[in-house]
Amino acid sequence: MFRCLKILAFLMLFNAGAINAEEPFFKAYDKVILRNLEITDLKNKKIKIDDIFENENYIINFWATWCLPCKKELPELQKIHTELSEKKIKTYIISIDKKNTKEQLFFLKENNIDVLVPFFDKKMNFFNSLKLRGIPTTLLINKKNKMAIKEGVIKYSYEIMDELNNFFN
């Protein structure tokens, strides 16, 4: 009897792992982007959120130079962006770092991040308005204004590419 219970417990654990493996990387997100906020572009010019978000597909990643997981994730995002290029997805990386813009741009250059569009949210107004909890965090917005979120590092994989392709179709 005890042996049967051990086998049953093992099967339950095995099945629980299989269920978790099929969960999506991104979860539905229903927060509203506050349009009257401003962030800074790479020329240190203030830009209203309204001016950069139109009815298109977006990958928006929040990061900072001091965040080691972010540093590992940026090349993965670049690879994802390049692979999704035919979908014309705009990929914005929004730094919440307090460093000056030149230092952050140097960091991106040193790490060969050159196809992602950088913006800066030093006061974290945009970040906080979305009620985000940490970095790295990636937000997806499609043309239908459907949103999804992933907290933590994104790594390039066939599974994540499949999920992104489905989200942006």
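Biologist: Which residue does the side chain of Glu56 meet in a salt bridge?
Modeller: In this predicted model, the side chain of Glu56 meets that of Lys90, at 3.4 Å from N to O. Glu56 lies in the loop between helix 2 and strand 4, and Lys90 in strand 5, so the pair ties together parts that are 34 residues apart in sequence.

Biologist: Are those two buried or exposed?
Modeller: Glu56 counts as partly exposed because its relative accessibility is 23%. Lys90 also counts as partly exposed, at 29%.

Biologist: How many salt bridges does the structure hold?
Modeller: The structure holds 2. Besides the pair just described, the side chains of Arg133 and Glu151 meet at 2.6 Å, N to O. That pair links distant parts of the chain, with Arg133 in the loop between helix 5 and strand 7 and Glu151 in strand 8, 18 residues apart.

Biologist: And how accessible are Arg133 and Glu151?
Modeller: Arg133 counts as exposed, at 71% relative accessibility, whereas Glu151 is partly exposed, at 36%.

Biologist: Turning to helix 3, where does the kink lie?
Modeller: The kink lies at Leu74, shortly before the proline Pro75, and amounts to about 25°.

Biologist: What span should helix 3 have, and how far apart are its end C-alpha atoms?
Modeller: Helix 3 covers residues 68–83, and at 1.5 Å a residue its 16 residues should span 22 Å. Its end C-alpha atoms are 24 Å apart, which agrees.

Biologist: Which of its residues are buried, and what do they pack against?
Modeller: Cys70, Glu73, Leu74, Leu77, Gln78, Ile80 and His81 are buried. The buried residues of helix 3 pack against strand 4, strand 5, helix 4, strand 7 and helix 6.

How values were computed
Residues are numbered from 1 along each chain as its sequence is written. This is a predicted model: local features need pLDDT of at least 70, side-chain atom pairs count only at pLDDT 80 or more; totals for chains, interfaces and linings use all residues. Side-chain values use heavy atoms; hydrogens and water are left out. Helices (H or I, at least four residues) and strands (E, at least two) are DSSP runs, numbered from the N terminus. The expected span of a helix is 1.5 Å times one less than its number of residues. The bend at a residue is the angle between axes fitted to the seven residues ending there and the seven starting there. Buried means under 20% relative accessible area, exposed over 50%, partly exposed in between (1.4 Å probe, protein chains only). Contact means heavy atoms within 4.5 Å. A salt bridge is a side-chain nitrogen of Lys or Arg within 4 Å of a carboxyl oxygen of Asp or Glu.
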